[in-house]
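Let's look at this structure together and ask, label by label, what earns each description. Here is the chain to follow along with.

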Amino acid sequence: MLRDRLPANISARSAPNLFDLAVLLCLLGLAIAVGASARHTLGPLTAPGGVAIHLDPRWLPGYALRTTLRMFAALFASLLFTFTYAVWAAKSRRAGVILVPILDILQSIPILGFLTFTVVFFMNLFPGRVLGVELAAIFTIFTSQAWNMAFSMYQSLKTIPGDLEEATRAFGLSSWQKFWRLEVPYAMPGLVWNTMMSMSGGWFMVVASESITVGDTHVVLPGIGSYVGAAIAHRDLRAVLYAILTMLVVILLYDQLLFRPLVAWSARFRFETTQGATAADPWVLALLRRTDLLNRGSRAAGDFLTRLGGLPLGRKPTAPRPPLVPPRVADGLWIAILVVAVALAVWQLALYITASLSLHEVGRVLLLGCFTLTRVVAMIVLASVVWVPIGVWLGLRPIWARRAQPVAQFMAAFPANLFFPIFVLGIVHLSLNSNIWLTPLMILGTQWYILFNVIAGAAAMPADLLEVADNFGLGGWRWWARVMLPGIFPYYITGALTASGGAWNAAIVAEVASWGHTTLVAQGLGSYIAEATAAGSTAKVALGMVAMAIFVIAFNRLVWHPLYSFAQRRLSFA
């Protein structure tokens, strides 16, 4: 009798239909394409066509598929890293003392710095096989994705409202249940936006990951990045345009098929007590809802994950017990161990560097670091002035945010190398100072960290808070100073901190720009490390990386982390 009362459209979907067939055929075609591309990773490194990059645009679809697979493999590894490392740093105060500075160091180490030490390692794991080089490329892309996502998760877990924490204790949720029912949902909106930004960050460094040169070792993997590198080397503007169009198509595809549905799904986890502005579901979600088999499968998977997250694992909230060791004593012992470990590491590193380099070289590197620091600060300030108002405007308007989403992803993914022809020709033709006019290349990819985080912060603003501000007639500068800027501040700090680290990383690309046989160099740490890597000077690479890490950690400790603490104490929705 109940079936007779169901609407006609529901009973029509009670069996597999043409939408199921269309989606399954697409999934089958994708699986075949992925399998065909993955098969090449098991071949020998010297296989025919394994190194030669063809500038004929007919090769671009295959190159695009292989690059996209590397990026999603790196993204999967980044998610694992985020859900382990960042969670540990946020939940353990003593672990956070060391894990957060290590994360600062990792995000500041340039891509070429990782390549210097990891390419040989991965190639030795699978000698003579393409798989070793593929793992090196995936790891390189991972280093351009993971830190941003980890900082987003860390920031979210540290700013969970106190009343929500109290609710989990009142319901007696275990640590496992609390993680999946409160902490992950609360972090999800910001994490989704930062995952999109991380994908774009992977595109920004894809040239370095697919065309690897360390000393006498030069390996090229088929992909869009290596295609761009070959086009620049041959000064082929037409091939560069083909690469840009291919990137645009790929970004639009995974934006429509993956990230738009994820953004719509994550919107349900916004922290608000009244209904805020919403946008219509993207067409992919609407299509999937018209299927039957996939709907059943997704519901079954959702039910399984819900039951898994509801398992009473871990510790339940109990009355506080006096610790076996006084906290001050435990903290003192922990800090002493860290000081000894850091001192030993610094001593060993100093012995290695001083055995190969002079004190004059160390002083020169520190001066170059000051040059790069000036560029980074100037670009972060400029990007903040431009993108914070735009990000707030978009975040408060979900429909416009979705329209701007693929545009921002494409611009964030635009490799700085593609701007080399414009900058090199312009600087040479107008006789400009390369130390000044190469600086914008540093912020081309990293400025979008600020925009994406501000959009996420504005989108997560409680609708009832905005409604109260409107009822009290707050407008103009008072609205910004008392409502919006405090509300988005934790998200902005995450974006600015990551953009700062990304700008240091991008200095390697930005401070050495080449087009054909013309090369321009800006004095700074980035150009120093790039030249040392090309020359195969491990000692100079190590010195440059250590100097960059010192600058980044000092700046983070003096500027960003005090602001983080302020946001946690004063500007969370507690």
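Q: Why is Trp-193 called buried?
A: This is a predicted model, and in it Trp-193 has a relative accessible area of 6%. Buried means under 20%, so Trp-193 qualifies with its 6%.

Q: What makes the pair of Trp-193 and Phe-452 edge-to-face?
A: The ring centres are 5.8 Å apart, and rings pair if their centres lie within 6.5 Å. The planes meet at 75 degrees, and angles over 60 count as edge-to-face, so the label fits this pair. Phe-452 is also buried, because its relative accessible area is 1% and the cut-off is under 20%.

Q: How do you know that this pair links distant parts of the chain?
A: Trp-193 belongs to helix α10 (residues 175-204), while Phe-452 belongs to helix α22 (residues 447-459). The two are 259 residues apart.

Q: What makes Tyr-254 and Phe-259 an edge-to-face pair?
A: Their centres are 5.7 Å apart and their planes stand at 80 degrees. Set against the limits of within 6.5 Å for a pair and over 60 degrees for edge-to-face, both values pass, so the name holds. Tyr-254 counts as buried at 6% relative accessibility, and Phe-259 counts as buried at 1%.

Q: Which residues do ring pairs link into a cluster?
A: The cluster holds Phe-81, Tyr-85, Phe-122, Phe-139, Phe-142 and Trp-147. For the whole structure, the search finds 20 aromatic pairs.

Q: Why is Thr-195 called buried, and what does Thr-195 touch?
A: Thr-195 lies in helix α10 and has a relative accessible area of 8%. That is under the 20% limit, so Thr-195 is buried. Leaving aside neighbours within four places in sequence, Thr-195 is in contact with Leu-75, Met-149 and Phe-259.

Q: Why is helix α8 described as largely enclosed by the rest of the structure?
A: Twelve of the 13 residues of α8 are buried, so the description follows. Among them are Trp-147, Met-149, Phe-151 and Tyr-154, along with polar residues including Asn-148 and Gln-155.

Q: How do you know that the span of α8 agrees with the expected one?
A: At 1.5 Å a residue, the 13 residues of α8 (residues 146-158) should span 18 Å, and the end C-alpha atoms are 18 Å apart, so the two agree.

Q: What span does helix α17 reach, and where does α17 bend?
A: Helix α17 (residues 359-395) has 37 residues and reaches 50 Å from its first C-alpha to its last, close to the 54 Å expected. The bend, about 35 degrees, is at Trp-387, and Pro-389 follows within four residues.

Q: Which residues touch the most other members of the largest nonpolar core?
A: They are Phe-81, Trp-203, Leu-438, Leu-441 and Ile-450, in a core of 130 residues. Helix α24 (residues 476-510) gives this core its largest share, 18 residues. A second, separate core has five residues, including Val-130, Val-133, Ala-137 and Leu-221.

Q: What does Ile-450 touch?
A: Not counting residues up to four places away in sequence, the partners of Ile-450 include Ile-380, Ala-383, Trp-387, Val-388, Tyr-492 and Ala-499.

Q: Why does Ile-508 count as buried?
A: Ile-508, in helix α24, has 7% relative accessibility. The limit is under 20%, so Ile-508 counts as buried. Its C-alpha is separated by 5.8 Å from that of Ala-530, 22 residues apart along the chain.

Q: What makes helix α25 mostly covered?
A: In α25 (residues 525-535), eight of the eleven residues are buried. Ala-530 is one of these, as are Tyr-528 and Ile-529. Just after α25, Gly-536 takes a positive phi of about 75 degrees.

Q: Where is the confidence in the chain lowest, and where is it highest?
A: Helix α1 (residues 2-5) is lowest, at a mean of 40, and helix α4 (residues 60-91) is highest, at 90. Over residues 1-13 the pLDDT stays under 50. The chain averages 78, and 83% of the residues score at least 70.

Key: Residues numbered from 1 in each chain as written. Predicted model: local features only at pLDDT ≥ 70, side-chain atom pairs only at ≥ 80, totals over all residues. Heavy atoms only, no water. Expected span 1.5 Å × (residues − 1). Bend = angle between axes of the 7 residues up to and from the residue. Core = buried A, V, L, I, M, F, W, Y, C linked by side-chain atoms within 4.5 Å. Buried < 20%, exposed > 50% of the residue type's maximum accessible area, 1.4 Å probe, protein only. Contact = heavy atoms within 4.5 Å. Phe/Tyr/Trp six-rings, centres within 6.5 Å; stacked < 30°, edge-to-face > 60°. pLDDT = per-residue confidence, 0-100.
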